[in-house]
Structures are given as structure tokens and as C-alpha cells.
Amino acid sequence: MAMDVVDFEIKGAEMQFVEVELDPGEAAIGEAGSMMFMDASIAMDTVFGDGAASSSGGGLFGKLLSAGKRLVTGESLFTTVYTNQGSSKARVAFAAPYPGKILPMDLRQLGGTLICQKDAFLCAARGVSLGIALQQKLGVGFFGGEGFIMQKLDGDGLAFVHAGGTVVRRTLRPGETVLVDTGCVVAYTPSVDFEIQYVGKIKTALFGGEGLFLAKLTGPGEIWLQSLPFSRLASRIFAAAPQRGGSREEGSVLGGLAAGGLLGGLLGGDDD
């Protein structure tokens with residue numbers, strides 16, 4: 001189907017959101033739970049599968065196939081379509097789920113297809129199709145981690161992808177190779193060859209902190225890399241959380257001792 005051509009504005013620094021401007025009759029699709037606010041003239045409709053499949057009238061089988069693809073990537077079976085039913089322009093905003101950057105991807109300029117990590121999609125113009133990209137190589141399947149099952153965005157409209165921390169875009173020449181932590185790969189064009197490579201040394205694998213395998217990306221094509229994968233952020237938060245089960249204490253050790261001393265003084269009275 002024809003893609004809606006939308007205008008947008010990305011706001012914020014560390015915690016960004018994108019405002020999408022819709023002309024009358026235009027629509028955007030958003031990941032479940034990503035909407036921040038919308039004008040009153042915009043109608044919100046939750047659909048089974050992705051917005052492209054439902055709006056193109058693909059029938060029950062097409063909707064089931066679309067929803068099944070999203071289920072494999074770990075996303076919700078449903079997406080939400082936001083349609084401007086008013087007579088003037090209206091705006092809807094989508095917020096990033098954790099600190100990082102929102103990347104506008106013009107699929108027309110990228111050859112019509114973009115492969116990205118499974119939780120990167122935020123929103124898109126109506127007509128962009130959401131699918132899956134299964135890595136064909138056995139090594140990637142067993143050891144690729146976050147890079148094994150990825151999302152595939154098809155169409156010729158705008159899609160918005162979210163990544164953690166700082167994002168860098170690199171253009172790889174034919175045969176040019178870069179080694180990346182598997183969690184730091186945000187997206188790449190289909191012409192890029194994605195493989196998994198063993199780090200090479202047992203000592204490095206056990207004590208280097210980077211894991212046993214790295215992603216090997218070989219050009220030609222475009223790649224996007226993130227400095228803070230969500231899995232890394234989550235592991236640091238978990239490691240810093242109290243491990244005593246149910247403890248809700250905050251602050252430093254000295255703060256805890258001071259609080260304990262104050263409580264003891266209140267209960268025991270003043271000796272003076």
C-alpha cells in the first residue's frame with residue numbers, strides 16, 4: 001500500500017521523544033505502550049499484527065502471519081494505529097523506553113528494508129511492514145544472543161528506531177569488517193554480512209568481560225551501533241540492587257549506620 005508521508009520533530013537529549021505530525025487522513029503505527037500524548041482529533045485503534053497488514057486488507061491469514069512474526073521477536077501481538085480524523089494537522093508523540101537516541105530511518109533511501117534489533121522499533125508511518133529476520137548461519141543461531149532474531153522493517157516510508165546511549169552510524173566499504181559486541185548492534189542494511197566470531201583466546205573469553213563471541217559485520221552497507229545496550233544497563237542495575245531479599249534501603253553504608261544510630265537513640269532515650 002502507499003506510505004503516508006509524515007513530518008516529525010525529535011525532542012529531548014538523554015530521554016527523547018518524537019512528535020509526528022499527521023495531515024487529515026494520515027496515520028502512524030506505534031509499538032504498544034509507546035504513546036506519550038496526542039491531539040484530540042487523533043483516533044487510536046489497536047489492531048492484531050502490524051498496522052500495514054490490517055490496513056491493507058490482507059484477510060485473517062495475513063493478520064495471523066503478521067502477529068506471529070511479532071510474537072517470535074518477543075513483541076506484543078498488537079500494534080496501535082493513530083489516525084488523524086480531523087480537518088487540520090494534528091500531532092502524536094512517542095517516547096523512548098530508556099535513555100538513548102531516537103533514529104529516523106527513511107526506508108526509501110535505505111533500499112526499502114532495514115534489519116534492526118528486536119526491541120528497537122518505536123513507531124512508523126502507516127504502510128511500513130514489521131517482520132522478522134532470522135539469521136541463516138548456524139553460529140549466529142547458537143551464539144548470536146540478541147542478534148539471532150531481529151526485526152525487519154519493509155516499505156518506503158519513515159520508521160523510528162530507538163537505541164541506548166550514544167549511537168554511531170558507519171558506512172562499510174565492500175569487504176570492510178568491524179567486530180562489535182553482539183548487544184551493541186542496533187541496525188544494518190541487508191547488504192551487510194552478519195556473522196559470529198569467537199574472541200580467540202580462552203583467557204580473554206573468561207576474564208575480558210566481553211563474552212565468548214563478537215558480531216562480525218562485513219560491508220558493503222550501513223550499520224548503526226549503540227554504546228549502551230539495554231541488557232547491559234539492566235545487568236548493572238541488578239548488580240547494584242540490594243541482594244538481601246525485600247530490603248528497600250537507600251543511600252550509602254554510612255547513611256545506613258547513621259540512621260541506625262538515630263533510631264537507637266530515639267528508642268533507648270537520652271542518657272544525659
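Trainee: Of the 22 residues in the largest nonpolar core, which touch the most other members?
Mentor: This is a predicted model. Its largest nonpolar core holds 22 residues. The members that touch the most others are Met 105, Leu 114, Leu 153, Val 161 and Trp 224.

Trainee: Which strand gives the largest share of this core?
Mentor: Strands β3 (27-31), β8 (100-106), β9 (113-116), β10 (121-125), β13 (158-164) and β16 (185-188) each supply at least two of the core residues. The largest share is three residues, and the strand that gives it is β13.

Trainee: Leaving aside neighbours within four places in sequence, which residues is Leu 153 in contact with?
Mentor: Leu 153 is one of the core members that touch the most others. Once neighbours within four places in sequence are left aside, its contacts include Gly 112, Thr 113, Ser 129 and Ala 159. The rest of the list is Leu 107, Leu 114, Cys 116, Phe 121, Val 128, Leu 130 and Val 161.

Trainee: How many residues are in the second, separate core?
Mentor: This core is separate from the one described above. Among its members are Ile 42, Tyr 82, Leu 122 and Leu 158. Its residue count is 17.

Trainee: Is the pair of Tyr 82 and Phe 94 stacked or edge-to-face?
Mentor: The ring centres of Tyr 82 and Phe 94 are 5.3 Å apart, and the planes stand at 80 degrees. Planes over 60 degrees apart count as edge-to-face. Tyr 82 lies in strand β6 (residues 78-84) and Phe 94 in strand β7 (residues 90-95), twelve residues apart, and both residues are buried. With planes at 80 degrees, the pair is therefore edge-to-face.

Trainee: How many aromatic pairs does the structure hold?
Mentor: One of them joins Phe 17 and Phe 37, whose ring centres are 6.3 Å apart with planes at 70 degrees, so this pair is edge-to-face. It links distant parts of the chain, with Phe 17 in strand β2 (residues 17-22) and Phe 37 in strand β4 (residues 35-38), 20 residues apart. The number of aromatic pairs in the structure is five.

Trainee: Is Phe 37 buried or partly exposed?
Mentor: Buried means under 20% relative accessible area. Phe 17, at 17%, counts as buried. Phe 37 has a relative accessible area of 32%, so Phe 37 is partly exposed.

Trainee: How many disulfides does the count come to?
Mentor: Cys 116 is buried, with a relative accessible area of 0%. Cys 123 is also buried, at 1%. A disulfide needs a pair of cysteine sulfur atoms within 2.5 Å. By this rule, the number of disulfides is zero.

How values were computed: Residues are numbered from 1 along each chain as its sequence is written. This is a predicted model: local features need pLDDT of at least 70, side-chain atom pairs count only at pLDDT 80 or more; totals for chains, interfaces and linings use all residues. Side-chain values use heavy atoms; hydrogens and water are left out. Rings of Phe, Tyr and Trp (its six-membered ring) pair if their centres lie within 6.5 Å; planes under 30 degrees apart count as stacked, over 60 as edge-to-face and the rest as tilted. Helices (H or I, at least four residues) and strands (E, at least two) are DSSP runs, numbered from the N terminus. Buried means under 20% relative accessible area, exposed over 50%, partly exposed in between (1.4 Å probe, protein chains only). A nonpolar core is a set of buried Ala, Val, Leu, Ile, Met, Phe, Trp, Tyr and Cys residues joined through side-chain atoms within 4.5 Å. Contact means heavy atoms within 4.5 Å.
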